Amino acid sequence: MIAQRTLKTLTKAVGVGLHSGQRVELTLRPAPPDTGIVFRRVDLAEPVEIPVTATSVTDTRLASTISHGKAKVHTIEHIMSACAGLGIDNLVIDITAEEVPILDGSAASFVYLLQSAGSVAQDAPRRFIRVLKAVEVREGEGRSLKWARLEPYHGFKLSFQIEFDHPAVSATGQAVEFDLGSGQYSREIARARTFGFTRDVEMMRSHGLALGGGLDNAIVLDDYKVLNADGLRYQDEFAKHKILDAMGDLYIVGKPLLAAYSAYRSGHAMNNQLLRALLAQPDSYEIVSFDKDSQAPKGFDRLAPVW
């Protein structure tokens with residue numbers, strides 16, 4: 001069967017939060033079947049567990065934030081993307097501050113952490129959310145239009161179109177497609193970094209955001225060009241980072257999706273709205289598992305080999 005997976009052993013990382021600038025330690029721990037992914041704020045007087053679910057998302061300004069009571073964890077999308085790309089179902093993440101460290105601005109460091117710990121198949125079937133009919137959320141009209149959609153598909157593929165009126169972005173691909181069944185997440189998506197514009201930095205920092213950002217953990221652009229000395233990691237890195245974010249945002253639903261996701265100028269808020277719209281329509285999805293590998297979508301039987 002296609003089985004659930006967790007880590008073989010724990011692994012740790014230390015970094016700073018992109019927006020808070022705070023030093024933070026992460027400890028990624030194996031978890032039993034059907035645990036899902038759970039963050040634990042171990043810096044609080046009494047540790048608080050925050051399960052990752054679509055309804056635990058309470059803020060989507062520039063990142064995805066989950067909460068339980070007054071306890072929060074910001075910027076979870078990159079580590080969630082790595083878990084989605086590598087097929088990790090069950091994980092407890094101890095965190096010593098309120099924001100996941102940005103590390104290099106992509107999911108590559110989290111991929112390395114997960115692979116260094118190793119994965120193990122568990123004695124429980126992996127459960128998927130299979131989309132049965134199209135679900136869409138839209139906002140605005142004309143030049144302000146943005147939308148995101150899930151449609152039936154035997155597998156998981158994503159297509160994303162961005163639209164930035166900037167010469168450096170226009171010179172790259174503003175649309176990208178990726179199929180998770182290709183097994184190329186680590187090579188083709190995980191290394192794409194978050195990006196920002198110098199013209200926005202002063203405004204963001206006045207609101208307590210981007211305090212930990214810099215050239216070592218983001219692509220930074222002035223009005224004309226990329227400022228990073230090493231340039232881009234992918235020709236279409238801007239659009240690929242949106243795919244990376246979307247994979248993390250969608251995995252917040254708690255199970256891997258079997259669907260085709262497409263979006264135009266979407267972001268964290270709209271991705272979460274899409275999940276909530278899906279869950280609000282019980283006839284739009286079903287929960288499935290695969291007793292035989294041959295029943296699963298192409299490539300899914302080898303998506304996350306035991307490391």
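Before the sheet itself, a word on pairing: two strands count as paired here if DSSP finds at least two bridges between them. With that in hand, and bearing in mind that what we are looking at is a predicted model, let me start with the open sheet, which has 3 strands in the order β6-β7-β8 and antiparallel pairing. In that arrangement β6, residues 57-59, and β8, residues 71-73, stand at the edges with a single partner strand each, so one side of each is left without a neighbour in the sheet. From one strand to the next, the twist averages 45°.

If we look at the β6 side in detail, β6 is joined to β7, which covers residues 65-68, by 2 bridges, and these two strands run antiparallel. Within this part of the sheet, Asp59 stands opposite Thr65 of β7.

Let me now turn to the helices. Helix α1, residues 77-86, packs against helix α2, residues 108-117, at an angle of about 50°, and their axes are 8 Å apart. How should we class that orientation? An angle that is neither under 35 degrees, nor over 145, nor from 65 to 115, counts as oblique, and α1 and α2 are therefore oblique to each other. The crossing in which α1 passes α2 is right-handed.

As for which side chains and backbones you should look at on screen, the α1 residues His78, Ile79, Ala82, Cys83 and Leu86 meet Phe110, Val111, Leu114 and Gln115 of α2. Sorted by character, the residues of this contact between α1 and α2 comprise 7 nonpolar and 2 polar ones, with no charged residue among them.

How values were computed:
Residues are numbered from 1 along each chain as its sequence is written. This is a predicted model: local features need pLDDT of at least 70, side-chain atom pairs count only at pLDDT 80 or more; totals for chains, interfaces and linings use all residues. Side-chain values use heavy atoms; hydrogens and water are left out. Helices (H or I, at least four residues) and strands (E, at least two) are DSSP runs, numbered from the N terminus. Axes are lines fitted to C-alpha atoms, for helices over the stretch in contact, and angles run from 0 to 180 degrees between N-to-C directions. A crossing is left-handed if the near helix is turned anticlockwise from the far one by less than a right angle, and right-handed if clockwise. Contact means heavy atoms within 4.5 Å. Ala, Val, Leu, Ile, Met, Phe, Trp, Tyr, Cys and Pro count as nonpolar, Asp, Glu, Lys and Arg as charged, and the others, Gly among them, as polar.
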